[in-house]
Amino acid sequence: MKNKIISFPHIGDYCYFVKPFLENLTSLNVKFAPPITKKTIELGSKYSPDTICLPFKYNVGNYIEALEEGANILFQFGGGCRYGNYAPLQKKILKDLNYDFEFYELIKNGKTSFSHIYKTFKSINPEITKSKLIKELILVFIKIMLYDHLEHYRRKKIPIEPEKFKKLKYKFINNLKSQKNIFRILKTYFIYRKKYKKVRCKKPKLKIGLIGELYTSMEPFSTFDLEEELKKYDVSIKRYTTVSYLLIYKKIFNKIAKYKVRNYLKYHIGADATYNVYRTLKLKEKGYDGIIHTKPFGCTPEVGVIPILSKISNEKNIPIMFLSFDTETSNTGIKTRVEAFVDMLMMRKEKKSEKK
Amino acid sequence: MKKNKAYLGIDIGSISTKGVIIDEKNNILASEYIWTKADPINTVKKLLKTLKNKIPKEYNVVAVGTTGSARKLIGIMTRASIIKNEITAHAIGTLSKYKDVKTIFEIGGQDSKIILIENGIVTDYAMNTICAAGTGSFLSSQAKRLGVDVKDFGKIAINSKNPTKIAARCTVFAESDLVHKAQIGHKKEDIIAGLCESVVNNYLNNVAKGKKIKPPIVFQGGVSKNIGVVKAFEKITKEKIITDKNGHLMGALGVAILSKKEKEELFDFDILNLNFETKGYECKKCPNHCEIIAIKKDKQIIDAWGNRCEKGALI
């Protein structure tokens, strides 16, 4: 029998934490899909339906590249929009391409449960026990939460030496990823939090909030590294969408968010749309200078939320820039828009401080 | 003899290139407007040659600013002290002439934008994304199809009493709609007027969607020279639309004004005689294959860009 190798699509840096999680649970080899490049998205577009959303194409590209490298067990998650249909469609596309692999969905019909995850892993590794699964789930949750926590801090700060944070980030990930003891994990976190706080920073010129669809929020390649682009103008960034938000906070704040946006939106309109309205209001309250909303071209929930956000933008006097991303490969358009947006916010800010 | 200071602004758009030289009080000393023809470097050389002859003898250019889609390339070539995006440049340029302006419509060759201004500062803007529907290039390609010079478009359009309705959502739809209407016997002037209205509807439904349009409105960009589109805007927005005979120069003017704040360095028209070349190639150091552009001055690389990581850095 040939060697079983597991792989999964990329999103941001989270692959580093998913890998040890899968390794511990299945005792099989786990291999990263090759890093996302233009080739990934070319492959993805070639084999995906033309009008499907962008993350689907990136995922398909990742899968094909991983299969070519020898992977034969693939994982997919899912969500409350077209994301929920990704898994069956992608499985069919890859099977039609004559690849030989097993495909596991961790979320079925838009929902997941402990028993479903348990059954999935049991079918891969019959030796697994419930307590082992609980332990691994807790470990990976904690790691991701701590990582996200420091990332929030990193996004807000503008270091005098830009490379410093990046180096620290990868050191932190390397130290954290394969820890198996909760106390060790916490210790690593506190050590690095101290190190992060020691990095000398300058005062941000502007504060911008990033909202929008989850893939374009979390995968820098898909937005031509929007956050780094903003950092060049000394912008402090707040971004709510992270994996820990999707796994935990989203469920906790569900009712609150719906209540807070009641004047603008009565029903959930899919995915993170309600939250994006909620965040817009929150960012305004917190005194942010502007908001950038990102989405893949044709993302239905986010298209639905745009008129609502425009209304809030007019009523509450906070500028919102809407960016759509597709498979285009030139970043000139984004650079122009970001520069103009930052210029505009700077002018507004100067005017405000003159009035005072 | 002590010379007066002058500032040069160049706006290199997809279709046309505009150059303006101003004095310290923002008066236009010389200006020039030529087609880019997808060759920004030689176009700018040509532009500079004309400007060199037009500029009064007692002035010296002490700072250069560039804007438009080729701003980076030309900015490096002319050693510009400021390289600015076209939105900021247009706003600054327009504000220098119309202090009370609240809304700027801009439709150019490849893009269209709306800029909202309050108390002399930009408060909001929007730009068309991804597709070039309802821009100048659409009008000129349709003019060719109809066998009309795009310059006469406006004059023909205002003769129409009953503009044909043409789909405004997307240029591909508009084009098939246009062909269909022509074949069933609509008059040419009605179709042309309908096209002008479809450009306006497309603009208001896409770019200006959800924006509060307040007068005074200034309309700029190459398409503002088309009287048919101006009339269509007035008909649909029910507001007076201001156009300026220098409307096409506002971007160049704006960036020239911005260059006044930057460091001064005597600009030498001699760059005309230097040999600038660009070379594009694919970086093969990872599967991303970044398209890197290197600009060479007399065979020496002076700058390069396009790489997404350090591996592709040339300098």
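Q: What do the domain bounds in chain A come from?
A: Domain bounds come from an automatic or database domain assignment. In this predicted model, chain A is divided that way into domain 1 (5–126), domain 2 (129–203) and domain 3 (204–356).

Q: What makes residues of domain 1 and domain 3 of chain A count as in contact?
A: The test is whether their C-beta atoms, placed from the backbone, lie within 7 Å. By that test, 18 residues of domain 1 of chain A are in contact with 18 residues of domain 3 of chain A. On the domain 1 side, the elements giving two or more residues are α2 (38–47) and α3 (54–68) of chain A, with the largest share, four residues, coming from α3(A). As for the domain centres, the C-alpha ones of domain 1 and domain 3 of chain A lie 28 Å apart.

Q: How many residues of each class does the side of domain 1 of chain A that touches domain 3 have?
A: That side has nine nonpolar, six polar and three charged residues. Mind the bookkeeping here: Gly counts as polar.

Q: How do you know that the length of helix α6 (residues 171–183) of chain B agrees with what a helix should span?
A: Take 1.5 Å times one less than the number of residues. For the 13 residues of α6 in chain B that should give 18 Å, and the end C-alpha atoms are 18 Å apart, so the two agree.

Q: Why are B:Thr171, B:Ala174, B:Asp177 and B:Leu178 called buried?
A: The word applies if 20 or more other C-beta atoms lie within 10 Å of a residue's own, and these residues of α6(B) are buried. They cover an arc of only 120° around the axis, so they sit on the same side of α6(B). What covers them includes α4 (136–146) and α7 (188–205) of chain B.

Q: What makes residues on the other side of α6(B) exposed?
A: Exposed means 12 or fewer such C-beta atoms within 10 Å. B:Val172, B:Ser176, B:Val179, B:His180 and B:Gln183 are exposed on that other side. After α6(B) comes B:Gly185, with a positive phi near 105°.

Q: Why are β3 (28–35) and β5 (82–83) of chain B called edge strands?
A: Each pairs on one side only. The open sheet they belong to has five strands in the order β3-β2-β1-β4-β5 (chain B), with mixed pairing.

Q: How do you know that β2 (residues 16–22) of chain B and β3(B) pair?
A: Pairing needs at least two bridges, and these strands have seven, in the antiparallel sense. So they count as paired. B:Lys18, for instance, has B:Tyr33 in β3(B) as its bridge partner.

Definitions and conventions: Residues numbered from 1 in each chain as written. Chains lettered and ligands numbered in written order. Predicted model: local features only at pLDDT ≥ 70, side-chain atom pairs only at ≥ 80, totals over all residues. Contact = placed C-beta atoms within 7 Å. Arc of directions from axis to C-beta.
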